Structure formats: C-alpha cells, structure tokens
Amino acid sequence: MLLACSHVDKKFNDVPLFSDVTFHINDMERVALVGSNGAGKTTLLRIIAGELTADSGEITTAKDKTIGYLPQQLGYHSENSIYEELLEVKSEITELDRNIRNMEEQMQHVSGKELESLLEKYHRLQTEFEAKDGYACKSQIMGIINGLGFGGRDMEQCINTLSGGQRTRVALGKLLLLEPDLLILDEPTNHLDLPSIQWLENYLSSYKGGVMIVSHDRYFLDRIAEKVVEIEHGKAVSFTGNYSTYAEKKEQLRHIQFKEYENYIRNVKHQEEVIEKLRSFNREKSIKRAESREKMLEKMTPVEKPVETQKTMRFELTPEKTSGNDVLHVDDFSKSFGEKHLFEHISFDIHRGERAAVIGKNGTGKTTLLKILCELETADSGSAKLGTNVEIGYYDQEHNVLHDDKTIFDEIHDDYPDLNNTRIRNVLAAFLFTGDDVYKKISLLSGGEKGRVSLAKLMLSKANFLLLDEPTNHLDIESKEILEEALNQYTGTVLYVSHDRYFINKTATRIMELTEHKLLSYQGNYSYYLEKKETMEKIFLDTANPSSPDQKTVSEAKLNWKEQKEREANRRKIENNYKNAENRIQELEEQINKIDEETALPEYASDVAKLTELTRKKETLEAELNTALTEWETYAEELEALEHDTE
C-alpha cells in the first residue's frame with residue numbers, strides 16, 4: 001500500500017466540508033477523485049500533500065515514499081528558459097556529467113598514481129551516472145518538453161514571459177521529471193491541447209508509481225483511472241473501475257437505495273394502517289395483536305431517505321426562428337499575426353442542424369476563427385456569408401462579453417430590458433443564482449460562475465446559430481452533462497471549440513481539425529475522427545515529396561475523396577427525388593379519392609355529363625399516379641444500390 005486516508009474530517013468556519021473520509025492507494029494504482037464543485041476535492045488533495053492539516057483523521061504514507069503535487073493554480077517566477085528550468089530538476093545528473101567531463105580532461109595531463117586515482121574515481125562516477133539513467137536524461141527532458149507542447153524555439157522562452165497556463169505546464173513537466181512515488185494532479189489537462197492530453201494519458205498509463213487525479217475530463221479519466229473515489233454530501237465512497245464504470249455503478253446504487261427506502265416507507269405505512277384497524281375493533285384479542293405489531297414496528301431497522309442530488313443547472317436552448325438550410329459559407333479564409341501563420345485558404349460550409357466541433361493544437365487559430373465569424377477579428381483574406389434568417393449567439397471562453405462593473409442581475413436586465421424582475425430571478429435561479437447572489441459583481445465571480453451567467457444570456461438570446469468557445473471550461477461533470485443534453489436537443493446549428501473529447505464525442509456530428517494551416521473535416525463524432533485521422537492526413541497533408549512513388553497513391557486518394565463527395569451529392573439528389581415522388585403519390589391518391597367520393601354523390605347519379613367529366617379526370621390522375629409509382633420504384637432501387645455499394 002502506498003497511501004492510506006483514515007477517517008479524515010475537515011471544516012471551514014465550523015461548517016463540515018467532508019467527514020470520515022477513508023480510502024487507500026496501492027503501488028502503481030491510478031485513482032480519480034470526483035465530486036461536484038465545492039465538494040472538497042482540492043482541499044483533500046492539499047491535506048494529502050501536506051499543505052493543509054485535517055481536523056481529525058490520519059494520512060499514512062508508506063516508508064521512504066515521496067509525493068509530488070501539482071495544484072490547479074500555480075504562480076512562480078524564474079529567469080530560466082523552459083529547457084533550463086526542467087534541466088534544473090536533473091541538476092544532480094548534470095553535475096555528475098560535468099565532473100566526468102572535467103575528469104576526462106584532467107586524465108589527459110596526468111600519469112602514474114595520480115592517473116590511477118582519477119581512473120578509480122572516474123569509474124565510480126560513471127557507474128553512478130549510469131545507475132541514475134544519466135544517458136537518457138536529456139532525451140527524457142526533450143520528450144516531456146515536446147509532449148507538453150513546448151517544442152522547437154518555444155523551449156527557449158523565459159519562464160517570466162509565460163502565461164499562467166504555460167507556467168502550470170512547465171510545473172507539470174518538472175513534477176514528471178522528479179518521478180515521485182505518488183503523483184497528485186489537480187486538473188492537469190486544463191491548460192493542455194488535445195495532442196498534449198493524449199501524450200499525458202500515455203505517459204501516466206506507463207508511469208512507475210501511483211497517480212491520484214482530480215479532473216473534469218471524463219475521457220481522460222476513462223483512459224487513466226482504475227479506481228474512483230467520490231466525495232458527495234461530505235462522504236467518500238470508492239468504486240473499482242474507470243469513470244464510465246463508476247457512473248453506471250453509481251446510478252445502479254442510487255436506484256437500489258431509493259427502492260429500499262420506498263419499500264421501507266410502504267411497509268411502515270402498511271403496518272400502521274393494520275395497527276389502527278386492529279385497535280378500531282376494540283376487542284382484547286385485536287388490541288394484543290396491534291400491540292404485537294407495534295413492537296415489531298419499533299424493532300424494524302430504519303432506512304434513511306437517500307440524500308437528493310445537489311441543485312444543478314436547468315435550461316434549454318430554443319431558437320426563436322428557423323434559419324435556412326445554408327447557415328454559413330466561408331470562402332478562402334487566411335489569418336496571421338505577424339510571422340505567426342494560423343491558417344491559409346480555408347473554406348467550408350455549415351448547414352442547419354449541424355453540431356460542428358473545431359479542434360486542433362494550441363495556437364492553430366480555433367478561437368480566432370470564431371472571433372472572425374463574430375466580427376471581433378478580421379480575416380487577412382477571404383469572406384464569410386451567413387444564410388437566411390441566421391442569428392448568432394456567442395459564448396466567449398474569456399467572458400469578455402460580460403461587464404465586470406455590473407451585478408449579475410444588471411447583466412441580464414440591461415441586455416433584456418423587457419424581462420420583469422420575477423422572470424430575471426427565475427432565469428438566474430435556473431443557473432443556481434438565488435437570493436442576494438444575483439447582486440454579486442461580475443468581477444467577483446469565479447470562472448464557473450461567469451460561465452453560468454454567459455450560458456444564461458445564451459439561453460435568453462433565442463439564437464439559431466451558436467458559436468461556443470470552450471463552453472465546458474470551469475463546469476463540473478454534472479453541469480457538462482446538462483449542457484450536452486441541451487445541445488443535443490437544440491434544433492438550431494452549433495459551431496464550437498473544445499478540447500473536452502468526451503463532450504465532443506457526445507455532441508458533435510462533425511469534426512473540423514485545424515492542422516498545418518489547413519482545415520480537415522470529418523463527418524462524424526470524435527471516435528469517427530480518431531478512426532479516419534491517419535487516412536485523411538495522408539491524403540491532404542502528406543505532400544512533402546511530390547516525386548515519391550506514393551504520390552500517385554495520394555493523388556488517387558484525393559480523386560477518391562472528390563468522387564465520394566460527388567456520390568454524396570448524387571445520393572442527396574436521389575433522396576430528394578424519392579421523397580418528391582412519394583409526396584406526389586400521396587397527393588394523387590387523395591385527389592382520386594375525392595373524385596370517387598364526388599361520383600358517389602346522389603345529385604350526380606343521373607348527370608351523365610358530370611360523371612363523364614369526373615371519369616376522365618380520374619383516368620388522367622391514375623395515369624399520373626402510375627408514372628409517379630414507376631419513378632418512385634426507380635429511385636427506391638437506386639437508393640438500395642447505393643446502400644449495397646457502401647457496405
């Protein structure tokens with residue numbers, strides 16, 4: 001066993017945060033700590049790391065085992081470059097290497113006993129250097145630098161010039177190089193792009209020590225966790241398995257608890273009714289039976305009502321009007337900031353009902369693309385055209401659309417002056433702002449609270465085209481699930497930037513990846529993107545050697561892609577013709593039925609001219625119906641043939 005938490009309690013201002021928290025972590029075990037915002041996850045990590053003391057209980061670490069802790073927010077200063085900062089972690093090895101090099105230089109100028117003494121010391125230092133894996137030191141540092149997204153000239157940047165998120169990434173790199181026996185990571189993926197998150201997953205999966213993680217990234221937890229410790233209502237419960245297994249077991253457990261409680265209440269009520277009935281007979285025998293049942297009732301073990309889940313957001317996104325089918329057409333967009341080229345000559349279309357996720361490494365221009373579409377930035381070249389009746393709603397990850405000097409209430413009231421006070425309070429209550437909370441200044445809110453205000457404004461906007469920049473940042477898992485449901489039920493169109501792969505997989509109908517200044521599109525969710533990524537990159541990005549034997553294959557692949565798009569267009573055409581023929585058949589059949597009803601009317605029974613006219617009309621309609629049926633059968637066969645071609 002690596003670490004044990006035994007009956008740990010913690011209060012703040014005499015208000016219990018959690019109590020009797022008990023669990024353990026085994027050697028090389030990967031544990032996820034989950035719970036809603038405010039449950040005490042970070043506090044518990046700080047207690048384990050020794051930064052806080054528990055009110056009672058005990059944290060026990062195995063003898064000679066080390067703990068490394070990465071907090072969410074980390075501010076530190078250094079004049080070192082990123083590479084120098086990470087190299088300092090291995091100062092013992094670099095010092096050994098320096099001594100060995102110096103001794104090699106000295107040995108060229110001495111002889112005799114002095115040389116023998118130096119050789120003895122030299123071999124001893126070399127043995128120590130090898131034992132500490134000194135030869136792999138620099139490659140290990142470079143692997144971590146590249147994995148965390150600081151490759152190339154980035155690693156020469158001075159720490160003091162980095163953003164807070166970048167400094168946290170450097171701190172993570174230093175911690176990984178230290179290789180403690182237990183890694184404690186609080187939201188390690190917050191400042192990482194998708195490639196870096198995937199790299200970290202692989203690194204932690206093969207890490208030769210224990211890992212304890214707090215994260216809202218469910219995909220990450222599914223890949224890493226072997227055990228989940230949940231803090232809920234101040235109590236801790238352990239579940240074996242990854243996050244998905246935990247979520248399933250938790251739901252089953254909750255269902256069982258409610259069933260047991262309902263059965264207990266039903267049994268108590270039944271016994272009380274029987275006792276009351278027996279007493280109403282007012283006979284000695286029935287009273288004794290009633291008393292016997294009362295004793296049985298007193299001996300029954302009470303079943304406590306399961307604690308209701310904590311209040312969560314509740315909202316839905318409803319467009320005020322329906323847009324045209326063509327929502328957005330982007331033609332030949334390019335954007336650079338000085339020598340930093342984000343993307344070049346990208347073109348794409350967004351259609352009504354799509355939920356398109358824009359993904360890519362940090363710095364590829366994902367947020368900039370959304371800002372250009374919202375006219376907060378301008379493209380260097382190209383144009384964007386919105387379709388008919390398209391109204392944009394924008395969610396900014398930095399919440400720059402909010403006003404720091406306003407209260408939450410005024411933020412809503414000033415944008416929607418037609419709403420009365422009661423309606424505004426009801427809307428804010430749906431986003432967990434009640435009582436005097438609505439008068440908090442925006443400047444005093446946490447990231448999660450600002451996110452909820454922005455979502456409230458988004459809901460009220462009634463927009464039919466949502467542009468969302470990292471909408472899940474700062475949301476706990478339960479809030480993410482509510483947002484997922486709202487987006488999946490939304491009848492408008494969504495274009496969003498996110499690095500939350502679980503969220504993308506649940507909501508996206510299309511993936512758009514910004515990579516190498518280009519935009520690659522995948523018609524499917526994140527799982528589909530992973531399946532097709534290698535093929536697509538070979539088709540559209542592998543053009544480094546045009547004279548290579550593979551160039552023909554690449555050209556053929558591009559042609560196949562073009563043919564695929566043509567087939568899709570042909571399929572849509574056939575589907576439209578099929579539907580039109582089907583509608584025409586229904587229309588003709590209704591007209592023929594009306595003529596039959598008219599022919600049967602008594603007033604036309606002896607009107608030969610009218611009956612002749614109706615008969616001719618019916619014959620014409622039946623001829624048209626036969627033609628429509630033939631066309632419908634033809635289109636049906638063509639669709640069936642297309643289905644066979646794709647199997």
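**A tour from the three-stranded sheet to helix α13**

Start with the open sheet of three strands, ordered β11-β10-β13 and paired in the antiparallel sense. The model is predicted. Select β11 and β13 (381–386) to see the edge strands, each of which pairs on one side only. On average, neighbouring strands here are turned by 15° against each other, direction ignored.

Next, add helix α11 (residues 366–373), which packs on this sheet and touches β10, β11 and β13. The direction of α11 makes about 125° with that of β10.

Now restrict the view to β10 (residues 326–337) and β11, an antiparallel pair held over eight bridges. To find one position in the pairing, select Ser336, which stands opposite His341 in β11.

Stay on β11 (residues 340–351) and pick Asp349. Is Asp349 buried, partly exposed or exposed? Its relative accessible area is 33%, so Asp349 counts as partly exposed. Show its surroundings: beyond the neighbours within four places in sequence, Asp349 is in contact with Leu328, His329, Glu354 and Arg510. Of these, His329 deserves a distance label, as the side chains of Asp349 and His329 are joined by a polar contact of 2.6 Å. The two residues are 20 apart in sequence, yet their C-alpha atoms are 4.6 Å apart.

Move on to the largest nonpolar core, which has 50 residues. Which members touch the most others? They are Leu176 and Leu204. Helix α6 (residues 164–178) supplies the largest share of this core, six residues. Centre on Leu176 and display its contacts: leaving out residues up to four places away in sequence, Leu176 touches Ile144, Leu183, Trp199, Leu200, Tyr203 and Leu204. A second core, separate from this one, has 49 residues; select Ile408, Val453, Tyr490 and Tyr496, which are among them.

The last stop is helix α13 (residues 421–430), where Ile424, Val427, Leu428 and Ala430 are buried. Look down the axis of α13: the buried residues fall within an arc of 155°, so they line one face of the helix. As background, residues three or four places apart in an α-helix point the same way, because there are 3.6 residues a turn. Add α12 (408–415) and α14 (447–461), which are included in what covers the buried residues of α13.

Finish with the two ends of α13. At the start, a side-chain oxygen of Asn420 comes within 3.2 Å of the backbone nitrogen of Thr422. After the helix, select Leu432, whose phi is positive, near 70°.

Technical notes:
Residues numbered from 1 in each chain as written. Predicted model: local features only at pLDDT ≥ 70, side-chain atom pairs only at ≥ 80, totals over all residues. Heavy atoms only, no water. Buried < 20%, exposed > 50% of the residue type's maximum accessible area, 1.4 Å probe, protein only. Helix = DSSP H or I, 4+ residues; strand = E, 2+ residues; numbered from the N terminus. Arc of directions from axis to C-beta. Contact = heavy atoms within 4.5 Å. Polar contact = N/O pair within 3.5 Å; in protein donor to acceptor, adjacent residues only side chain to side chain. Core = buried A, V, L, I, M, F, W, Y, C linked by side-chain atoms within 4.5 Å. Pairing = 2+ DSSP bridges. Axes fitted to C-alpha atoms, helices over the stretch in contact; angles between N-to-C directions.
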